[in-house]
Amino acid sequence: MRIDERSWPMIRNTWYVAGFSDDFKTGELQGHTITRKPLVMWRTGAGEVVAFDARCSHKRFPLWDGKLLDGDVLECAYHGFCYNSRGECVSIPAQASGGTPSKANKVAVPVSEKDGIVWVWPGDPSRQSGRGVPSTLEIGTADWDTRCSEPMHVPANYRLLIENLLDITHFYPLHDGNIGDIANSYIPVELERQVIDGNPSVLTTRQATDYQLPPMMSDWFGLDIVDRHHTHCMVSPAVTRVELRLAPVGKLGSEDERGYVLYHFHTPIDDDNHVWRWAMNCKAGLKYAADQSMAMVDRVVEGFPKVVEQDRWALEKQHEMFQHDDDGYSEVHIKTDGAVVMLRRELAQLAAEEA
Ligand code: FES
Ligand SMILES: [Fe+2]
């Protein structure tokens, strides 16, 4: 299959992250646009998160600007059409004795809450089977210390973020001096296609021994020369899992091992925008080497926004250049772009299945 560099596959038949569980407070209305679908969401009095089309059936007014009444009834702020938590229209003030037309009912959007994450399925509800909700086991368990980001709006297609995550040769020069250096670019990469919980997945693995850690990582973990095992796995179009394992030479797997499991959640808004969230996890109880009063995860997270900002900057700039006509231009791929090519093929395949 020939992959068009400029195509932005909008995959709807998959689970996307709408937020962390803690982001959904009981009775608080939220608006999300995911794969161009406007959704109104809230956590009901019974504790369940619900979602449906945010356009009022009457005149498209955004229901996220409405009001929740007693009994989990959502009232549109314009003319007062009311909906229950299943999206059924239950009353219309201007038609007090006339009932409600069934056409005014909304179809509930599938929501799943798992491992501290709220997932939504913006696509065809009848096509969920076989595509599991991704697991993020480290989040919300006592075995790991977890810190979650705020949602970040990125004016770029979400595919560019996944490509960024699967190709860490950009650690030099983009992250030079913090988590990156030129030595990073010399670590050979192994590539593997997998299926995880029914979701197509791309895994890259980089292993190095006698490796001098770049300054920021050396500080985070209190290590200098290490054995390093680093994987990046696009678990589904919605999430990339990064696992970094470091230890003094010969000590991987021992109690001297350090590192993190980092989840990146990429939720497309439309072709030109996405929301990026991350969750950083270090083993519970590990301390920052230079200050034992500080959890290791807190030290890592202190430095991390700077790295994320560098990536965000690159994605935005890269996306801007797609506004120009190709006019003979095409990308030149090198050996280390294997994961990006594989990813594009997987996304194109998913998009073709939906079409
Ligand atoms: S637009 Fe919502 S009630 Fe009229
Ligand atoms: Fe990066």
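User: Is T35 buried or exposed in this predicted model?
Analyst: In this predicted model, T35 sits in the loop between β2 (30-34) and β3 (37-43), and T35 has a positive phi of about 50° although T35 is not a glycine. A residue counts as buried if 20 or more other C-beta atoms lie within 10 Å of its own. Around T35 there are 21 other C-beta atoms within 10 Å, so T35 is buried.

User: D197 also has a positive phi in a residue other than glycine; is D197 buried, partly exposed or exposed?
Analyst: The phi of D197 is near 50°, and the place of D197 is in the loop between β13 (189-196) and β14 (199-212). The class "buried" needs 20 or more other C-beta atoms within 10 Å, and the class "exposed" needs 12 or fewer. Because D197 has 14 other C-beta atoms within 10 Å, D197 is partly exposed.

User: Which two residues are joined by a cis peptide bond?
Analyst: One of the partners is a proline, P173, that lies in helix α2 (residues 171-174). The omega of the bond is about 5°. The residues joined by this cis peptide bond are Y172 and P173.

User: How many of the residues of helix α1 (residues 158-166) are buried?
Analyst: The buried residues of α1 include the charged-type names R159 and E163 as well as Y158, L160, L161, I162, N164, L165 and L166. Helix α1 is therefore largely enclosed by the rest of the structure. The number of buried residues is nine of the nine.

User: Which residues does L166 touch, not counting residues up to four places away in sequence?
Analyst: L166 is found in helix α1 and counts as buried because L166 has 23 C-beta neighbours inside 10 Å. A separate distance places the C-alpha atom of L166 26 Å from that of Q128, with the two positions 38 residues apart along the chain counted as their separation. With residues up to four places away in sequence left out, L166 touches V202, T204, H232, M234, A339, V340 and L343.

User: At what angle do the axes of α1 and helix α6 (residues 338-354) cross?
Analyst: The two helices meet through R159, I162, E163 and L166 in α1 and through A339, V340, L343 and L347 in α6. The residues of this contact divide into six nonpolar, no polar and two charged. The crossing of α1 with α6 is right-handed, and the axes come within 9 Å and cross at roughly 145°.

User: How far apart do the C-alpha centres of domain 1 and domain 2 lie?
Analyst: The protein chain is divided into domain 1 (16-127) and domain 2 (144-354). Eight residues of domain 1 are in contact with nine residues of domain 2. The C-alpha centres of the two domains lie apart by 34 Å.

User: Which strand gives the most to the side of domain 1 that touches domain 2?
Analyst: In the contact between the domains, eight residues of domain 1 meet nine residues of domain 2, and β1 (16-20) and β2 each supply at least two residues of the domain 1 side. The residues of that side divide into four nonpolar, three polar and one charged. With four residues, the strand that gives the most is β1.

User: Which strands stand at the edges of the open sheet with the order β1-β10-β9?
Analyst: This sheet has three strands with antiparallel pairing, and the twist averages 30° from one strand to the next. Four bridges join β9 to strand β10 (residues 117-120), where V111 stands opposite V120 in β10. An edge strand has a single partner, so one side of each is left without a neighbour in the sheet, and the edge strands here are β1 and β9 (111-114).

User: Which strands stand at the edges of the open sheet with the order β5-β6-β7-β8?
Analyst: Four strands form this sheet, and the pairing is antiparallel. Two bridges join strand β6 (residues 73-75) to strand β7 (residues 82-83), and E75 stands opposite C82 in β7. The edge strands each have a single partner strand, so one side of each is left without a neighbour in the sheet; these strands are β5 (67-69) and β8 (89-91).

Terms used:
Residues numbered from 1 in each chain as written. Chains lettered and ligands numbered in written order. Predicted model: local features only at pLDDT ≥ 70, side-chain atom pairs only at ≥ 80, totals over all residues. Contact = placed C-beta atoms within 7 Å. Domains from an automatic or database assignment. Axes fitted to C-alpha atoms, helices over the stretch in contact; angles between N-to-C directions. Left-handed = near helix turned anticlockwise from the far one by under 90°. Pairing = 2+ DSSP bridges.
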